[in-house]
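Here are a few short exercises to work through with the model open beside you. Try each task before you read its solution.

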Amino acid sequence: MDEPPPEPTTGPIVDGVDFKLGKIQFGLSYDFQSLTLSLRILRATGLPAKDVTGTSDPYVKIVLLPDKKHKLLTKVKKRNLNPHWNECFLFEGWPHNKLLEKTLYLQVIDYDRFSRDDPIGETYVPLNEIDLSQSPTFWKYLQPCKDSRGKLGELLLSLCYQPNIGRLSVIVMKAKELKAKDITGTSDPYVKIWLSFGNTRVEKKKTTIKKRTLNPVFNESFIFDIPWEKLREASLEVTVMDFDKVGRNELIGKIILGGRSGPMETRHWNDMVQKPRQQVAQWHLLKD
């Protein structure tokens, strides 16, 4: 009996090793006149299910390494293991020779409203290895994430804003995997929250101290008065500290919540604004 003919390989070549984490398609082009690199995140296929519902809510985080400060994010595609984004991102004012020192880093992440976002996979593209003048499009297999978690720990916060009375309530719920600051290999953590308008600090609140734990549960609620018209310039600096009876209290890590903060912090703040009178909880990676 004749063997069936091989399936036609109409699809493009996929770079990398198939770790069964799916693959991502994206395109790059460079405008030598305006010194602008364009990145188009097209789609992903075959993503693994990360949620109990048997699906995922993927988005893509984009970084031009080694600069980790400026992260870009695509939109979240709800309940989709084969998402189409078709979103364009511009890196303006980059001379071609400077771009050749950079590596494009893409990480596909499963968004989770109630717990921490879950990395699905990642890929790296050293820009000195490709011909940008050809405006190439790639398929890349996603590989397991190396740096999947923060080094300082994570903090779960819930925000609720009532625009009619100009009141923001913050629930400091719990933290996990905090970095040990004491010789004993543990910490005595507490959380401090500063409200600022613009660059002016206005009001400070503090939780109780939890003794000898790196996974403290606080469940403490704080109220801040922020009129609706001042919400745009408001921000919260949330700091996890290690209490020290003898020396100075030491910083474990912090985040800044507001409309002009890091991508994950801004998302939480905007969620809060768009869902008035509802508690919106999110995990945050602590930063130094």
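## Exercise 1: an edge of the sheet

In β6, L90 is the bridge partner of S38. This is a predicted model, where local features need pLDDT of at least 70, side-chain atom pairs count only at pLDDT 80 or more, and totals for chains, interfaces and linings use all residues. Residues are numbered from 1 along each chain as its sequence is written, and side-chain values use heavy atoms, with hydrogens and water left out.

Task: place β3 and β6 in their sheet.

Solution. Start with the strands themselves, which are DSSP runs (E, at least two residues) numbered from the N terminus, as are helices (H or I, at least four). Two strands pair if DSSP finds at least two bridges between them. Strand β3 covers residues 36-45 and pairs with β6 in the antiparallel sense over six bridges. Next, read the order of the open five-stranded sheet, β1-β9-β2-β3-β6, in which the pairing is mixed. The edge strands are β1 (14-15) and β6 (84-91), each of which pairs on one side only.

## Exercise 2: a second pair of strands

Task: which residue in β14 is the bridge partner of L168?

Solution. First find the strands: β11 (residues 167-176) and β14 pair in the antiparallel sense, over seven bridges. The partner of L168 in β14 is F224. Now look at the faces of β14: F218, E220, F222 and F224 form the covered one, while V217, N219, S221, I223 and D225 form the uncovered one. In a regular strand the side chains alternate between the two faces of the sheet.

## Exercise 3: unusual backbone in loops

Task: look at the backbone of P66, S135 and R212.

Solution. Keep the general rule in mind: most residues other than glycine have a negative phi, and most peptide bonds are trans.

- The peptide bond from L65 to P66 is cis, with omega near 10°, and P66 sits in the loop between β4 (58-65) and β5 (71-73).
- S135 is not a glycine, yet has a positive phi of about 45°; the loop between β8 (118-126) and β9 (137-141) holds S135.
- R212, also not a glycine, has a positive phi of about 45° and lies in the loop between β13 (200-206) and β14 (217-225).

For accessibility, buried means under 20% relative accessible area, exposed over 50%, and partly exposed in between (1.4 Å probe, protein chains only). S135 is partly exposed at 43%, whereas R212 is exposed at 63%.

## Exercise 4: cysteines

Task: how many disulfides does the structure hold?

Solution. A disulfide is a pair of cysteine sulfur atoms within 2.5 Å. The structure holds zero. As for surroundings, C88 is partly exposed, with a relative accessible area of 40%, and C160 is buried, at 7%.
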